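Here are some short exercises to work through with the sequence and the 3D view side by side. Try each task on your own before reading its solution.

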Amino acid sequence: MPLSPEPEPLSRRAFVRNTSMAAASALAGGIASRSITADAAPPKTVPASYPHPLLTASDDYYDVSRGNPKPHSLVGEALVEARLTAESWRLEIVADPFTSELVKEPASLTKVLTLDDGTALDLPALIELGKMHSVRFLKAIQCLNIAAPLGQGLWEGVPLREVLRLCGTMKNVRRIYYWGYHNNDPKQVFQSSLSYTEAMETPPGDLPPFLAYRLNGKPIPLKRGGPVRLIVPWAHGFKSIKWLQRIAVTNDFKANDTYANQNNDPESHLKTAAYIDGAPDKYDAGKPIFLSGLALAGLSGLKRVEHWLHRIEPGAKPVVQDDETYRAARWTPCELEALPTDWSGVFPAGVSSKDVLGFDPKTGQPTAWPLRYSMISWSMTLRDLPPGKYEFRARAVDLNDFAQPEPRPVQKTGKNAVEVHRFEVS
Ligand SMILES: Nc1nc2c(c(=O)[nH]1)N[C@H]1C(S)=C(S)[C@@H](COP(=O)(O)O)O[C@H]1N2
Ligand SMILES: [Mo]
């Protein structure tokens with residue numbers, strides 16, 4: 001095992017060779033994905049029931065995984081060799097020898113954890129550390145390039161800072177780079193990074209990045225990135241590396257994220273936004289019309305979800321975001337899913353809400369609703385609509401009173417366009 005971080009996924013030549021495929025994967029996140037798989041949006045389906053469960057069943061997540069074969073398709077001996085079983089999982093923590101014109105001194109650790117010398121961290125040791133320093137909280141996973149949340153879970157593990165403290169004294173460390181399993185193929189590398197400060201310091205009441213080993217009260221299934229996944233609470237999915245296997249502390253101050261490719265902002269935060277569920281496009285006049293969706297509380301929190309119902313008159317020109325009709329729209333609040341009264345019915349057996357970050361340890365009630373980086377359902381019932389064609393838009397308003405799609409410096413910091421559902425009443 002080399003001690004240095006692994007090379008970038010694709011060389012300049014390979015990049016040029018693959019650009020013809022770029023159009024076919026406009027939604028894709030990393031360069032590596034162009035040759036492997038695109039991050040396509042999930043199809044809109046009518047949900048089976050309302051509200052959406054607060055915890056998504058692990059198989060019901062929309063999966064975004066690179067790799068060929070996908071790491072979660074490995075079985076038997078191949079899985080053991082990949083170190084992706086509870087018994088075989090190991091984590092290496094090393095110091096990156098990187099120096100450059102600007103970076104004179106390489107990072108160092110007084111204690112490295114490696115496979116070669118048998119010191120790599122195993123799962124029992126990580127779980128033991130968790131008995132002293134565990135964290136758990138409710139988090140939605142969303143891809144920066146897909147305009148739909150992928151799922152939400154109760155994630156549990158050990159703060160990254162506690163794991164890094166196993167490595168003695170650090171010197172000249174400005175970033176933490178980390179990698180998931182990738183079939184030993186440099187083209188399939190999926191990597192991400194955090195600043196030293198993000199890894200080591202957490203404002204009171206905020207959520208630390210951590211090494212998760214439980215999801216919804218059970219070991220993390222292979223499909224969701226188990227045995228161990230790095231979870232970065234505030235970030236889009238690409239920072240939450242599945243099948244975590246390697247960490248390198250570095251004095252390179254640059255983000256090495258796979259998602260820094262293709263114009264994505266590698267330091268983006270989850271955006272506050274409303275999403276409309278799949279719904280019929282035809283209704284009988286006189287019957288109530290029930291529309292619903294999910295609202296994600298991003299960095300700026302969520303105050304409400306509101307809607308605008310627009311009747312399309314024959315021959316009218318289509319409404320465009322920010323045009324005159326849009327600016328004159330009257331937005332009316334939707335119903336937000338109520339705060340559960342009994343959290344024992346929400347969280348898995350053995351998990352008390354008093355032990356979940358963001359919940360009051362005395363009352364077991366959340367300190368805000370919805371909690372930042374989580375999502376809840378919203379709904380709206382429309383009545384007595386005369387026959388005709390309609391557009392229904394829903395948007396989130398954050399705790400700064402900014403309406404979606406604000407804040408909106410560029411779309412490559414996360415998709416949050418206002419969604420529309422078109423339907424006809426007859
Ligand atoms: N090792 C690894 N981790 C990964 C990825 C990957 O391809 N490989 N994809 C990332 C991206 S781009 C997203 S959006 C999320 C998706 O998480 P999910 O499949 O659990 O929904 O995982 C992230 N972690
Ligand atoms: Mo993603």
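**Exercise 1. Find which cavity corresponds to the space taken by ligand 1, and describe that cavity.**

Solution. Keep in mind that this is a predicted model.
- Step 1: The space taken by ligand 1 is the largest cavity.
- Step 2: Count the cavities. With a threshold of 30 Å³ or more, the count comes to one cavity.
- Step 3: Look up the volume, which for the largest cavity is about 330 Å³.
- Step 4: Turn to the walls. The largest cavity has 27 lining residues, and Val 64, Ser 65, Phe 190, Ser 240 and Lys 242 lie nearest its centre.
- Step 5: Sort the lining of the largest cavity by class, which gives 13 nonpolar, eight polar and six charged residues.

**Exercise 2. Which residues are the closest to ligand 1, and how many surround it?**

Solution. Begin with the shell, then go on to single atoms.
- Step 1: The residues that surround ligand 1 number 20. The closest are Tyr 62, Arg 66, Arg 224, Arg 229 and Lys 242.
- Step 2: Divide the shell around ligand 1 by class, and you find eleven nonpolar, four polar and five charged residues.
- Step 3: Check the backbone. A polar backbone atom of Arg 66 lies 2.7 Å from an oxygen atom of ligand 1, and a polar backbone atom of Tyr 62 lies 2.9 Å from an oxygen atom of the ligand.
- Step 4: Now check a side chain. In Arg 224, an N or O atom of the side chain is 2.9 Å from an oxygen atom of ligand 1.
- Step 5: Finish with the surface of the ligand. Ligand 1 taken alone exposes 530 Å², and the protein buries 99% of that.

**Exercise 3. Describe the largest pocket and the second largest pocket by volume and lining.**

Solution. Take the pockets one at a time.
- Step 1: The volume of the largest pocket is about 820 Å³. Its lining is made of 32 residues, with Thr 45, His 52, Pro 149, Asp 277 and Leu 294 the closest to the centre.
- Step 2: Ask which strands take part. At least two lining residues of the largest pocket come from each of strand S5 (149-159), strand S13 (273-276) and strand S19 (375-382). S5 gives the largest share, four residues.
- Step 3: By class, 19 residues of this lining are nonpolar, eight are polar and five are charged.
- Step 4: Move to the second largest pocket, with a volume of about 320 Å³. It is lined by 18 residues, and the closest to its centre are Gly 205, Thr 367, Ala 368, Leu 371 and Arg 372.
- Step 5: Class by class, the lining of the second largest pocket holds twelve nonpolar, four polar and two charged residues.

**Exercise 4. Where are the cis peptide bonds from Gly 226 to Pro 227 and from Gln 404 to Pro 405 found, and what is the phi of Trp 243?**

Solution. Start from the background: most peptide bonds are trans, and most residues other than glycine have a negative phi.
- Step 1: From Gly 226 to Pro 227 the bond is cis, with omega near 5°. Pro 227 belongs to the loop between strand S10 (218-219) and strand S11 (229-231).
- Step 2: From Gln 404 to Pro 405 the bond is also cis, with omega near 10°. Look for Pro 405 in the loop between strand S20 (388-397) and strand S21 (419-425).
- Step 3: Trp 243 has a positive phi, near 50°. This residue is in the loop between S11 and strand S12 (244-250).

Terms used: Residues are numbered from 1 along each chain as its sequence is written. Chains are lettered from A and ligands numbered from 1 in the order in which they are written. This is a predicted model: local features need pLDDT of at least 70, side-chain atom pairs count only at pLDDT 80 or more; totals for chains, interfaces and linings use all residues. Side-chain values use heavy atoms; hydrogens and water are left out. A residue is near a molecule or strand if one of its heavy atoms lies within 4 Å of it. A polar contact is a pair of N or O atoms within 3.5 Å; within protein, one must be able to donate a hydrogen and the other to accept it, and residues adjacent in sequence count only if both atoms are side-chain atoms. Accessible areas come from the Shrake-Rupley method with a 1.4 Å probe; for residues, only the protein chains shown count as cover. On a 1 Å grid over the protein atoms alone, a cavity is a set of points where a 1.4 Å probe fits but cannot get out, and a pocket is an open set with protein on both sides within 12 Å along at least five of seven lines; lining residues have an atom within 4 Å of a point. A molecule sits in a cavity or pocket if more than half of its atoms lie within 2 Å of its grid points. Ala, Val, Leu, Ile, Met, Phe, Trp, Tyr, Cys and Pro count as nonpolar, Asp, Glu, Lys and Arg as charged, and the others, Gly among them, as polar. Grid points are joined across faces, edges and corners, and a volume is the space filled by probe spheres set on the points.
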